[in-house]
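User: Please take a close look at one part of this structure, and then place that part in its surroundings.

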Amino acid sequence: VDPKEAARAALVKGLGAGWSTGVFSQQHLEAHRSAVACVFVAGNRIMTGSVDSTVKEWHLSSGDLIRSVGGHTNAVRGLWGDDKVSLSASDDSTIIKWSPESGKQLRSLYCFAPVKCIAASTAGVGLVAVTGHSDATVRAYNMAEGAINDTPLYTLRGHTAALTSVAVVPAPSGAGTWIVSTSDDGSARVWDTEKKEVVSKVMHPDGNIARGLKWFPDAGLILSVHDEGSLMLWTAPFEDKPQDLAREAGRSGAAVDGEGWGCMHCTGGVVVCGTHVSQGAGALDVYLWATRERLYTIAPTDMDAIGSIHGRTNALVVGGLDGYVTVLRAGGSGGADGFARVILPSAAAKPKTKRGGGGGKKGAASAAGTSDDAAGGKAKAGQREAGGAPP
């Protein structure tokens with residue numbers, strides 16, 4: 001056995017149920033009237049936010065609706081939560097803090113500029129919300145219990161266009177936290193929150209909008225995702241031309257049209273990148289991080305252009321620009337809508353038929369390429385071959 005191939009096989013096997021075999025049950029939720037701009041998984045709760053100004057909560061395990069939460073008057077752009085508190089951020093320039101237990105609004109904070117994204121930290125002084133705004137600033141607000149001051153703890157300036165994502169990450173020293181951010185200006189930045197300055201910055205060669213960032217300080221790497229489908233890997237000191245993992249896998253540029261938003265989620269040794277292939281069909285490319293290769297593409301039935309991704313080790317939640325939410329459960333025994341189709345890298349994806357009118361659940365999974373899944377087995381029950389004919 002080739003040692004290299006054996007090592008790769010061990011890495012894939014170590015990904016765990018579902019991820020190693022490419023088996024995902026799928027469930028489609030008719031969630032919102034307009035595009036789903038953000039999703040967040042907190043424990044066994046799914047939080048979804050929409051351009052229709054609503055926030056909804058769902059059970060991750062069943063897909064049942066828990067509640068709808070009001071309060072915003074414009075598009076909801078960001079969500080964050082844990083078992084004690086939930087935060088939502090909106091184009092109406094407010095952050096709302098609410099109870100995940102009762103759905104009761106606990107605080108509303110006006111920020112004087114549309115809030116495009118949100119993250120939070122519970123270290124140090126308590127709950128601190130980190131927000132990205134349309135005025136190109138990153139801000140931090142004290143959202144701890146009892147806090148009433150609406151003045152930011154600090155404001156970071158450097159981006160030249162609206163923010164698209166923020167995240168709180170451990171500081172390299174192990175003490176405190178830093179912030180990473182991306183923007184419409186095409187850049188991704190790492191901020192030292194003690195010095196209030198940028199310590200690393202990368203810019204897409206063509207200035208394409210940056211939507212997400214993963215920072216690997218120990219390895220000296222930054223991974224950024226952009227709207228036209230590129231997945232850029234940058235190496236410190238970030239001065240040389242980056243490696244485009246998506247283009248090397250044939251998944252950016254001409255392979256992707258421009259309707260969907262670039263989005264990315266990293267979990268359990270894989271990087272999941274949302275893409276929008278031809279004729280309105282959304283798909284998720286799964287990369288093995290250790291080797292930087294695309295393992296396969298998850299192609300749920302009739303999933304529209306993707307607006308957001310979040311999840312945990314055993315599940316992914318995908319927000320669509322058509323208002324639907326798709327829940328993918330790794331290694332599931334079957335969902336309300338069967339199994340998601342998985343396409344191997346060697347297969348050329350074929351256009352899929354978009355959903356027609358009417359609501360309700362979407363149908364069984366649809367093939368978009370090869371007849372076998374990534375596990376090398378036969379198509380699962382409920383799957384269909386390309387063109388929609390039953391197997």
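Analyst: Two strands are taken to pair if DSSP finds at least two bridges between them, and the elements themselves are DSSP runs numbered from the N terminus, with helices (H or I) of at least four residues and strands (E) of at least two. The model is a predicted one, in which local features need pLDDT of at least 70 and side-chain atom pairs count only at pLDDT 80 or more, while totals for chains, interfaces and linings use all residues. Residues are numbered from 1 along each chain as its sequence is written, and side-chain values use heavy atoms, with hydrogens and water left out.

The part chosen here is strand β4, residues 55-59, together with its two partners. On one side, β4 pairs in the antiparallel sense with strand β3 (residues 45-50), over 5 bridges. Within this pairing, Met47 faces Glu57 of β4. The hairpin made by β3 and β4 leaves 4 residues between the strands, and Ser53 adopts a positive phi near 80° there. β4 is also joined by 4 bridges to strand β5 (residues 65-69), again with the strands running antiparallel. Here Lys56 has Ser68 in β5 as its bridge partner. The hairpin of β4 and β5 has 5 residues between its strands, and Gly63 in the turn has a positive phi of about 80°. As background, strands of a sheet pair through backbone hydrogen bonds, either parallel or antiparallel. Strand β4 is mostly covered, since 4 of its 5 residues are buried, where buried means under 20% relative accessible area, exposed over 50%, and partly exposed in between (1.4 Å probe, protein chains only).

Met47 also leads outward from this part of the model, as it is among the residues touched by Trp80. Contact is taken as heavy atoms within 4.5 Å. Not counting residues up to four places away in sequence, the contacts of Trp80 also include Phe40, Val85, Leu87, Ile118 and Leu127. Trp80 belongs to the largest nonpolar core, which has 24 residues, and Trp80, Leu79, Leu87, Ile95, Leu127 and Met143 touch the most other members. The term stands for a set of buried Ala, Val, Leu, Ile, Met, Phe, Trp, Tyr and Cys residues joined through side-chain atoms within 4.5 Å. At least two residues of this core come from each of β2 (36-42), β6 (76-81), β7 (86-90), β8 (94-98) and β10 (115-121). A second, separate core of 22 residues includes Phe24, Val272, Val286 and Leu328.

Ile118 and Ala119, both touched by Trp80, are also in contact with Val130, whose partners beyond four places in sequence include Val138, Val166, Val168 and Ile179 as well. Val130 lies in strand β11 (residues 128-133) and counts as buried because its relative accessibility is 3%. The C-alpha atoms of Val130 and Tyr154 are 9.7 Å apart, although 24 residues separate the two along the chain.

A polar link can be followed from the strands that supply the largest core. Asp91 and Arg77 form a salt bridge, with their closest N and O atoms 3.0 Å apart; the term requires a side-chain nitrogen of Lys or Arg within 4 Å of a carboxyl oxygen of Asp or Glu. Asp91 sits in the loop between β7 and β8 and Arg77 in strand β6, so that the pair links distant parts of the chain, 14 residues apart. Asp91 is buried, at 14% relative accessible area, whereas Arg77 is partly exposed, at 23%. The whole structure holds 11 salt bridges, one of which joins Arg211 to Asp227, with the closest N and O atoms 2.8 Å apart.

For the wider setting, the protein chain comprises 2 helices and 29 strands, and 56% of its 391 residues count as buried. Of the contacts in the chain with a separation of 6 or more, 50% are between residues 24 or more positions apart.
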